Amino acid sequence: MTALTDVLETDPDPTAARLVVAETRRLGTLVEHLIEISRFDAGAAALAPDDVVVADAVAATLDARGWSGRVEVAVPGDLVVRVDPRRFDVIVANLVGNAFRHGRPPVRLEAGRARRDGVAGFRMSVADAGPGIPGELLPLIFDRFVKAEAARSRSEGSGLGLAIAQENALLHGGTLEASAGPDGGAVFTLWLPMEGRP
């Protein structure tokens, strides 16, 4: 950014300006992610739960990021859960964004009720048709700064998105898991309890 800013001072180049804007956004995202991770580490992350219609929340997340129409969505319209809306948005955005960055279309998001160990809850999965996650990386995929390939070190992601998504799932008393899809690709599965709901 500093080098590009020096170029702009002497020769206003629109390409350099676009690169500065892109790098500034990338840096802003990294700073936000680092602040969020530090809240989890300090035990300062808190929930502000509310009743959320999952289909509406997913649609809002996709729309806000320009992904509407690019994701196959299968979510019952009557599925209402008690979650922190902001943190649920972060989970959905990280999982879908990861599928777009590292997978291939079609990207599919499904959700529905699912009991686990006798506890009422709901399950949401995000799947893509990309190359999938190498087997040796599966146990590490939620670790901080992990990327599937060394070549991705300069990708737009911070390497913190999946770690943040998992921390948000745990904060809700749920889980977030990664696996290989039956026909290739990666599948991320979120399970959250549905407090007080059948």
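In this predicted model, G173 follows just after helix α5 and has a positive phi of about 85 degrees. The helix before G173, α5, covers residues 161–171. Its buried residues are G161, L162, A163, I164, A165, N168 and A169. An α-helix has 3.6 residues a turn, so residues three or four places apart point the same way.

A positive phi also occurs at D117, where the value is near 50 degrees and the residue is not a glycine. D117 sits in the loop that joins β4 to β5, the latter spanning residues 121–127. Is D117 buried or exposed? Because its relative accessibility is 78%, and exposed means over 50%, D117 counts as exposed.

On the other side of β4, which spans 107–113, the loop from α4 to β4 contains P106. The peptide bond leading from P105 into P106 is cis, and its omega is near 0 degrees.

Helix α4 itself, residues 85–102, packs with helix α3, residues 54–64: their axes come within 10 Å and cross at roughly 60 degrees. For this reason α3 is oblique to α4. The crossing of α3 past α4 is right-handed. Two packed helices are described by the angle between their axes and the distance between the axes.

Which residues make the contact between α3 and α4? From α3 come V54, A57, V58, T61 and L62, and they meet F88, D89, V92, A93 and V96 of α4. Sorted by class, this contact has eight nonpolar residues, one polar residue and one charged residue. The polar one is T61 and the charged one is D89.

Definitions and conventions. Residues numbered from 1 in each chain as written. Predicted model: local features only at pLDDT ≥ 70, side-chain atom pairs only at ≥ 80, totals over all residues. Heavy atoms only, no water. Axes fitted to C-alpha atoms, helices over the stretch in contact; angles between N-to-C directions. Helix = DSSP H or I, 4+ residues; strand = E, 2+ residues; numbered from the N terminus. Parallel < 35°, antiparallel > 145°, perpendicular 65-115°, else oblique. Left-handed = near helix turned anticlockwise from the far one by under 90°. Contact = heavy atoms within 4.5 Å. Buried < 20%, exposed > 50% of the residue type's maximum accessible area, 1.4 Å probe, protein only.
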